[in-house]
Amino acid sequence: MRSKLVAGNWKMNKTSAEGEALVEQFLDAMNDHVPIDVIVIPPYLSIPRIAEICRRAPVKLGAQDVFWMDEGAFTSRVSAKQLHEFCADYCLVGHSETRGKFGQLEVPETTVGYFAETDETINLKIKKLMFYGIKPILCVGETLAEREAGKTDEVIASQIRGALDGLEAAELYELIVAYEPVWAIGTGVTCDTPEAQRVCSQVRLVLAEVADADVASNARILYGGSVKPGNALELFSQPDIDGGLVGGASLDPKGFADIVRSAIQAGG
Ligand code: PEP
């Protein structure tokens with residue numbers, strides 16, 4: 001039986017002090033009772049301070065990205081070895097804002113290359129995170145143009161296959177995949193619930209092909225894309241949606257607590 005999970009991706013928001021206050025206020029709103037996995041994903045610079053809180057509170061620590069080399073001349077990058085030093089439990093990989101388009105269909109040419117991930121770099125990151133015992137949260141999702149061209153399932157399958165290439169089923173047993181339609185991220189537009197459930201069940205089918213039936217049934221599949229207190233319960237009650245990856249709404253401690261309560265209500 002899979003347990004629910006809610007992760008809050010703060011993106012490039014909050015100073016360390018603001019982040020600390022956010023977590024404290026969230027814990028107050030939950031009366032310090034958090035019976036499911038809740039992950040906070042602050043910007044790198046806040047990780048040391050938030051890691052301190054996570055050591056004594058029922059929340060886990062995630063990072064927003066990682067580089068796949070341990071050390072070297074890679075200015076601005078952060079390695080899994082460095083995240084491990086602060087006991088990061090989880091790390092996002094392949095978020096659409098790091099896949100090169102910042103969630104936009106049209107971006108200035110000059111910005112495309114800065115974050116452009118490929119399936120190959122995502123695969124290298126996943127392998128390195130696993131080496132350090134940090135659980136990857138693999139983000140997949142189609143753009144609006146891909147959806148309109150009827151390519152959603154094809155895009156998702158290809159992203160999963162590329163990301164997990166060369167990994168054994170035994171290594172994927174605790175896999176977390178976040179289905180995040182790019183057109184729903186930060187836009188206020190949510191994928192309608194039956195469609196979100198359909199794509200998440202497709203993700204599970206692809207995992208069964210890429211790995212095996214046990215990996216597929218054990219994997220936690222999250223939905224992400226404008227999750228809010230008002231839509232979380234319906235989304236998280238779907239059989240193949242095991243919780244959410246929440247961006248904007250995770251910056252409000254009370255709203256985030258409401259979303260976590262929805263996950264608990266939907267089946268803990
Ligand atoms: C995200 O950053 O992964 C995300 C889903 O953002 P939002 O909830 O703001 O759409």
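Two residues are in contact when heavy atoms of theirs lie within 4.5 Å. That cut-off underlies the account of helix α7 below, in a model that is predicted.

**Helix α7**

Helix α7 runs over residues 152-163. With 12 residues at 1.5 Å a residue, the expected span is 16 Å, and the end C-alpha atoms lie 17 Å apart, which agrees. The buried residues of α7 are T152, V155, I156, A157, Q159, I160, G162 and A163. Their cover includes three helices, α5 (119-131), α6 (144-148) and α8 (193-210). Strands β5 (135-140) and β6 (176-179) are also among the elements that cover them.

**The ligand site**

There are 14 residues around the ligand, and those that come nearest are K11, E180, G186, S226 and G247. By class, this shell holds 8 polar, 4 nonpolar and 2 charged residues. Oxygen atoms of the ligand pair with N or O atoms of the side chain of K11, of the backbone of G186 and of the backbone of G248. Taken alone, the ligand exposes 290 Å², of which the protein buries 96%.

The table gives distances for polar pairs at the ligand and at two aspartates.

| Pair | Part of the protein involved | Distance |
|---|---|---|
| K11 and a ligand oxygen atom | side chain of K11 | 2.8 Å |
| G186 and a ligand oxygen atom | backbone of G186 | 2.6 Å |
| G248 and a ligand oxygen atom | backbone of G248 | 2.8 Å |
| D37 and K60 | both side chains | 3.0 Å |
| D37 and R220 | both side chains | 3.0 Å |
| D242 and R204 | both side chains | 2.9 Å |

**Two buried aspartates**

D37 belongs to strand β2, residues 37-41. Its relative accessible area is 18%, and the limit for buried is under 20%, so D37 counts as buried. The side chain of D37 makes polar contacts with the side chains of K60 and R220. Leaving aside residues up to four places away in sequence, D37 touches K4, L5, V6, K60, Y90 and R220.

D242 sits in the loop between α10 (229-236) and β8 (243-246). D242 has a relative accessibility of 3% and therefore counts as buried. Its side chain makes a polar contact with the side chain of R204. With residues up to four places away in sequence again left out, D242 touches R2, S3, K4, L5, R204, A219, R220, I221 and L222. K4, L5 and R220 thus appear in the contact lists of both D37 and D242.

Notes: Residues numbered from 1 in each chain as written. Predicted model: local features only at pLDDT ≥ 70, side-chain atom pairs only at ≥ 80, totals over all residues. Heavy atoms only, no water. Helix = DSSP H or I, 4+ residues; strand = E, 2+ residues; numbered from the N terminus. Expected span 1.5 Å × (residues − 1). Buried < 20%, exposed > 50% of the residue type's maximum accessible area, 1.4 Å probe, protein only. Near = heavy atom within 4 Å. Polar contact = N/O pair within 3.5 Å; in protein donor to acceptor, adjacent residues only side chain to side chain. Areas by Shrake-Rupley, 256 points an atom, 1.4 Å probe, with all protein chains shown as cover. Nonpolar A, V, L, I, M, F, W, Y, C, P; charged D, E, K, R; others polar.
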